[in-house]
Amino acid sequence: MATAKDTALEQIKDTKKRYSAGVLKYRQMGYWDADYLPKDTDTVCLFRITPQEGVDPIEAAAAVAGESSTATWTVVWTDRLTACDSYRAKAFKVEPVPNNPGQFFAWVAYDIILFEEGSIANITASLIGNVFSFKPLKAARLEDIRIPVALVKTFKGPPTGLIVERERLDKFGRPLLGATTKPKLGLSGRNYGRVIYEGLKGGLDFMKDDENINSQPFMHWRDRFLYVMDGVNKASAATGEVKGSYLNVTGATMEDIYERAEFAKELGSVIIMVDLIIGWSAIQSIANWARRNDMIVHMHRAGHGTYTRQKNHGVSFRVMAKWLRLAGVDHLHTGTAVGKLEGDPLTVQGYYNVCRDSYTRQDLPRGLFFDQDWCDTKKVMPVASGGIHAGQMHQLIDLFGDDVILQFGGGTIGHPAGIQAGAVANRVALEAMVKARNEGKDIRNEGPEILRKAAQFCTPLKQALDTWGDITFNYASTDTSDYAVTPSASV
Amino acid sequence: MMTNPTGRLTQGQFSFLPDLTDEEIAMQIDYGLSKGYAWSVEYTDDPHPRNTYWEMFGMPMFDLKDSAGVLMEMKNCRSTFPNHYIRLMAFDSTRGIESIAMSFIVNRPAKEPGFSLVRQEVNGRSIRYTIQSYSADSPEGERYGR
């Protein structure tokens with residue numbers, strides 16, 4: 001290891017030396033500057049890096065800055081045709097990750113000129129492009145990002161936003177209720193529509209296509225849309241409420257996606273759905289289409305686990321959520337904390353904050369490293385889905401508040417007395433819990449008692465509690481926030 | 001009678017629960033006031049799911065900080081329109097919200113016939129749907145008995 005005085009650790013200011021042909025360390029090339037103060041217009045990223053054995057963490061951080069901006073492996077004289085210092089990202093702080101030997105947090109700042117306005121594709125091509133395959137690092141993870149106001153304002157954000165969505169649906173002051181149609185695969189259009197009708201008539205606000213329902217041999221997409229919309233409208237007439245079903249328009253090409261979206265609009269659906277795996281550009285395209293057509297866009301985060309699950313490598317979901325809010329989705333699956341899918345409660349709350357805040361404050365226990373001003377960008381409705389049931393209603397409302405969609409798929413369709421009964425159980429549990437909370441009850445502790453009381457006048461709820469009351473998914477979370485108890489100030 | 005499991009219109013926050021007593025309504029009003037919301041009373045005899053604009057029973061009570069006053073307005077509305085749907089709504093004027101934060105029904109007509117679904121067959125298998133209130137054929141004010 002070099003000593004601090006070693007010239008190999010300092011930026012070379014002499015331009016003749018700096019640009020003579022050969023290979024330099026990244027920090028010599030100017031990608032490390034411990035004195036750098038990020039500008040208000042800079043994008044600031046926090047990476048969790050695991051350098052290979054013997055690689056100095058500061059050099060590794062400088063390399064991340066280099067490889068995610070202008071650097072290549074050797075000196076090039078053509079740098080001198082540019083105002084090259086502007087284009088170099090600057091690593092400016094490195095700290096060991098508490099309780100994780102070998103891992104370091106590296107803060108890197110990017111000048112606003114590095115990014116095309118209004119393009120998540122462009123931002124991601126830099127920030128999670130080549131750098132994530134870079135050999136001197138064993139692993140790298142983008143933990144959080146501060147997007148400057150100047151860049152935020154180049155995005156249109158959610159096409160509808162949660163406030164206007166509530167106004168269109170005429171549903172206020174409580175979480176919305178949904179369910180994913182099951183089984184995921186194999187139902188014909190006619191059978192599929194039956195599940196939609198029963199769930200909505202029973203009391204749910206939304207039903208939902210699953211992520212992998214597109215247009216397989218057992219059910220053509222047009223057939224699904226036609227039967228689903230009959231169920232939606234019949235349920236709306238039976239209840240006097242606006243109802244919806246997320247019609248998944250995901251397809252092989254953008255032309256397919258537009259064709260399916262147009263048909264959903266013609267049939268009068270209030271909402272369409274796409275999967276994360278369609279990609280950033282397709283997401284921004286469908287968001288534009290939705291703005292032109294008064295449509296709510298539901299985003300299923302299918303595939304996100306390949307980015308987000310491993311704590312030492314990939315992209316944190318809080319970063320994905322920030323990008324998706326800017327790219328323009330109205331609903332986003334953000335985890336349940338208490339259900340069958342991954343998620344530490346505080347970390348999951350951090351994702352919810354990113355979706356719904358007007359201004360997100362630094363909150364290290366929730367994994368939020370930066371203040372983020374959303375400057376009036378519309379808000380995304382978070383969706384809690386996956387292995388949750390009516391018996392957890394108090395925990396869900398306590399964790400997430402009113403602005404969330406609670407989706408009980410199995411917890412509705414698997415009800416012993418049928419789908420309508422399952423929907424009734426969930427709606428009664430929800431309304432009883434909201435009412436009790438508003439009356440000042442401590443629902444976190446009194447929740448089970450409140451549910452039992454409501455079950456006295458609601459047999460379907462009693463049956464639900466008898467069936468699932470004791471089901472929990474208590475596994476250790478693989479993605480908790482790492483932070484020092486006395487954290488250093490962050491930008 | 002409507003055929004959904006509650007047998008009635010299910011708009012609002014609490015339609016699946018037994019009707020709230022006036023004491024329970026007061027607790028909800030207090031909750032809204034503690035959040036800084038402004039309450040208002042609205043009524044209609046056209047509860048179509050997309051009838052956004054129910055009639056205002058007076059202005060939103062922006063300066064009223066006492067649940068008794070809101071409750072009094074609600075009771076006035078009930079005695080004036082006993083056979084109408086009446087809802088209480090709480091408005092949140094916080095920047096970035098500026099919308100309704102709570103809404104629940106506090107009065108209903110004795111009979112709720114609900115809605116029919118009119119299907120108009122159009123191109124191919126497509127259908128245009130119209131949701132039509134069984135009582136909307138009568139003039140306003142005469143739909144659920146006087």
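**Exercise 1.** Work out in which hand H1(B) passes H2(B).

*Solution.* Start with the rule: a crossing is left-handed if the near helix is turned anticlockwise from the far one by less than a right angle, and right-handed if clockwise. In this predicted model, H1(B) crosses H2(B) in the right-handed sense. Helices (H or I, at least four residues) and strands (E, at least two) are DSSP runs, numbered from the N terminus.

A quick word on the ground rules: residues are numbered from 1 along each chain as its sequence is written, with chains lettered from A and ligands numbered from 1 in the order in which they are written. Since the model is predicted, local features need pLDDT of at least 70 and side-chain atom pairs count only at pLDDT 80 or more, while totals for chains, interfaces and linings use all residues.

**Exercise 2.** Find the residues that make the contact of H1(B) with H2(B).

*Solution.* Contact means C-beta atoms, placed from the backbone, within 7 Å. From H1(B) come B:Asp22, B:Ile25, B:Ala26, B:Ile29, B:Asp30 and B:Leu33. H2(B) adds B:Ser67, B:Val70 and B:Leu71.

**Exercise 3.** Say how the strands of the chain A barrel are ordered and paired.

*Solution.* Pairing takes at least two DSSP bridges between two strands. Go round the barrel: 8 strands close it in the order S5-S6-S7-S8-S9-S11-S14-S15, with parallel pairing. Now zoom in on S8 (residues 271–275) and S9 (residues 296–300) of chain A, a parallel pair with 5 bridges. There, A:Val274 has A:Met299 in S9(A) as its bridge partner.

**Exercise 4.** Count the residues each chain brings to the contact between A and B.

*Solution.* Chain A brings 37 residues and chain B brings 34 residues. On the chain A side, H17(A) gives the most, with 9 residues.

Definitions and conventions:
Contact = placed C-beta atoms within 7 Å.
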